[in-house]
Amino acid sequence: MVFRSNYASFRWILTASALLLIALVFPGCKKKSIDPFPASGAVTGWEKTSDTRTFAAKDLYQYIDGDAEQYISAGVVTTSTSDYKFQGQLEATVDVHTMSAADGATRIFQTGATNDAKTVSIGDAGVAYGQSVIFRKGPYLVRIVAFQSTPGASDALQALARGLEAKL
Amino acid sequence: MKNRREFLQAAATGAVVLGSQSKLGMAAMFDKQTAHGDSGKSRVVVARDPALHGADGQLDEKRVLDLLDRAIAHYTGRDNPVEAWKHIVPVGKVIGLKTNGLGGKGISTHAALVMAVAERLQQAGVKPGEIIVWDRNRRDLEVCGLTINTDPSKMRCYGSDVSGYEDTQEQWGSARIRLSKILTRDCEMVIGLPILKDHSMAGVTFAMKNMYGVVDRPFDLHAGGCNPGVADLNCVPVIRQKVRFTIGDAISSVYDGGPGFHPERLWQPNALIVGEDRVAIDQTAWQMIERKRAEAGMNTLEAAGKQPRYIATAADATHQLGFNDPQKIHLMEI
């Protein structure tokens, strides 16, 4: 009996270890289940105005043409995008790039950095401009761009960014 | 003359009364004498209106038509814009207006420019059903602020996602592509309406690079900073023959971070760049971007590792698409 009980425990530990190993080796399994896009109203004032479109790395050129190359070389797995509107006026697009590893997100984040960016504490690192917010968190790189320049736009974009960050 | 709203309504219903018929058509416009002038140089007009964007940063759409008229009048040497257009476009032929909406809302060909060109085309005798505004797909057109319409009795607006691509692959140099049927079958002449942008690989995207939007797999042409991809593609006979005129949208632009929309790098040149020689136009556009980058304290495109080498390639003896030598470009800035 003792042998059988120990054997059962061993099998349980073995199974759990295997599952843990799979989760570590294939982090993509987890990423696919994440929907980072806040629903309408989930972030005050923000309405999701389009369906989410997702592009695999090989199709990314359909969305961002020549920009695709830098994301592919940094290990992009998918890019998802959706449109939003704040208080019925300020239009914005959210792009969520899922990279194969965090260093890919870091590389893209650093490439796009400019001196006039304002550092914001969103994710592992973030910057804000008057009409855009960019942050990275683990393997994710998020870019939110507004199409109008309005007073308070930056604050509204940062609020939306925090809503996304909470779902990543 | 009808006001703008009445005109656009009439155009949408195909009710615009057409002007007199052109007997000269594009043959008169596109002979070497006219295209290059007496000097043998390629003519490029850069028309500016500093008040195109108001103090609030919003585009004053009513001024776009005036700017277009000034550009075309200067290019053709004809003061009457409708008469000028009669010498640019043939009557009874389908004219395509190839926009560029890849950068998404915020950095796509302005709908106000598209509608201004369409308005003048119709006044010059082109029927609404003979105008096709087109790009890669629905999304690229809608981000410009355009509405999809496939009714042939009206001005049409649709993408290659509707028309499809030819089954037969074309080849010229490194370019092995399948062309949009809008280019090969639906249009007899195309006017390029690109928007000026920095490009992370090519350096600059404007007149010639706009042709990446007429093929099925543009990404295959991006190697080597799009060189010789851009030049080779523009040498494909159908493109070379049909894309005869460019009205480049430099109303707004991004001088870094392109081809996507980067509002932190947005800039408003408030200009149109007009001509037939796409190489000369791109050379001119490149210099505009370089000046803006210098003004912003940025590296040159060469230092940034993205000098648009495809422009020189397009001008070389193999391609002969136009002139990139400033000495051979008659630049008219108005």
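Start by selecting chain A: 36% of its 168 residues are buried, where buried means 20 or more other C-beta atoms within 10 Å of a residue's own, exposed means 12 or fewer, and partly exposed is in between, with C-beta atoms placed from the backbone. What you have open is a predicted model, in which local features need pLDDT of at least 70, side-chain atom pairs count only at pLDDT 80 or more, and totals for chains, interfaces and linings use all residues. Residues are numbered from 1 along each chain as its sequence is written, while chains are lettered from A and ligands numbered from 1 in the order in which they are written.

**Stop 1: chain A**

Switch to a cartoon view. Chain A shows six helices and eight strands; these are DSSP runs numbered from the N terminus, helices being H or I with at least four residues and strands being E with at least two. Walk along from the N terminus and you'll meet them in the order α-α-β-β-α-α-β-β-α-β-β-β-β-α.

Now for contacts: two residues are in contact if their C-beta atoms, placed from the backbone, lie within 7 Å. Of the contacts in chain A between residues at least 6 apart in sequence, 56% link residues at least 24 apart.

Next, click on A:Ala39, in the loop between α2 (28-32) and β1 (46-48) of chain A. Is A:Ala39 buried or exposed? It is exposed, because it has 11 other C-beta atoms within 10 Å. Add A:Ala159 to your selection: the two alanines, A:Ala39 and A:Ala159, sit 120 residues apart in sequence but 14 Å apart in space, C-alpha to C-alpha.

**Stop 2: where the chains touch**

Show both chains. Chain A puts 20 residues into the contact and chain B puts in 18. Colour the chain B side by class and you get eight nonpolar, eight polar and two charged residues. Here Ala, Val, Leu, Ile, Met, Phe, Trp, Tyr, Cys and Pro count as nonpolar, Asp, Glu, Lys and Arg as charged, and the others, Gly among them, as polar. As for scores, the model has ipTM 0.73 and pTM 0.83.

**Stop 3: the core**

A nonpolar core is a set of buried Ala, Val, Leu, Ile, Met, Phe, Trp, Tyr and Cys residues joined through C-beta atoms within 7 Å. The largest one has 136 residues, and among those with the most contacts inside it are A:Val142, A:Leu157, B:Ile95 and B:Leu272. Helix α6 (residues 111-123) of chain B gives the most to this core, with nine residues.

Zoom in on A:Val142. Which residues does A:Val142 contact, leaving aside neighbours within four places in sequence? They are A:Val94, A:Val96, A:Ile134, A:Phe135, A:Ala161 and A:Leu164.

**Stop 4: chain B and its helix α4**

Chain B has 14 helices and 13 strands, and 55% of its 334 residues are buried. Its mean pLDDT is 89, and 89% of its residues reach 70 or more; pLDDT is the predictor's confidence in each residue, from 0 to 100. Go easy on residues 1-34 of chain B, where the pLDDT is below 50. Where pLDDT is low, the predicted coordinates should not be read in detail.

Select α4 of chain B, residues 62-76. This helix has 15 residues and reaches 22 Å from its first C-alpha to its last, close to the 21 Å expected at 1.5 Å a residue (1.5 Å times one less than its number of residues). Its buried residues include B:Val64, B:Leu67, B:Leu68 and B:Ala71. Look down the axis of α4(B): the buried residues fall within an arc of 150°, so they line one face of the helix (the arc is that of the directions from the helix axis to the C-beta atoms). They pack against β1 (42-48), α5 (81-86), α6 and β12 (271-275) of chain B. Just past the helix, B:Gly77 has a positive phi of about 80°.

**Stop 5: backbone oddities in chain B**

Select B:Cys226, in helix α10. Its phi is positive, about 65°, although it is not a glycine. B:Cys226 counts as buried because it has 28 C-beta neighbours inside 10 Å.

Close by in sequence, the peptide bond from B:Asn227 to B:Pro228 is cis, with omega near 10°. B:Pro228 sits in the loop between α10 (223-226) and α11 (229-234). For another cis bond, go to B:Gly258 and B:Pro259, with omega near 15°.

Finish at B:Asn270, in the loop between β11 and β12, where phi is near 55°.
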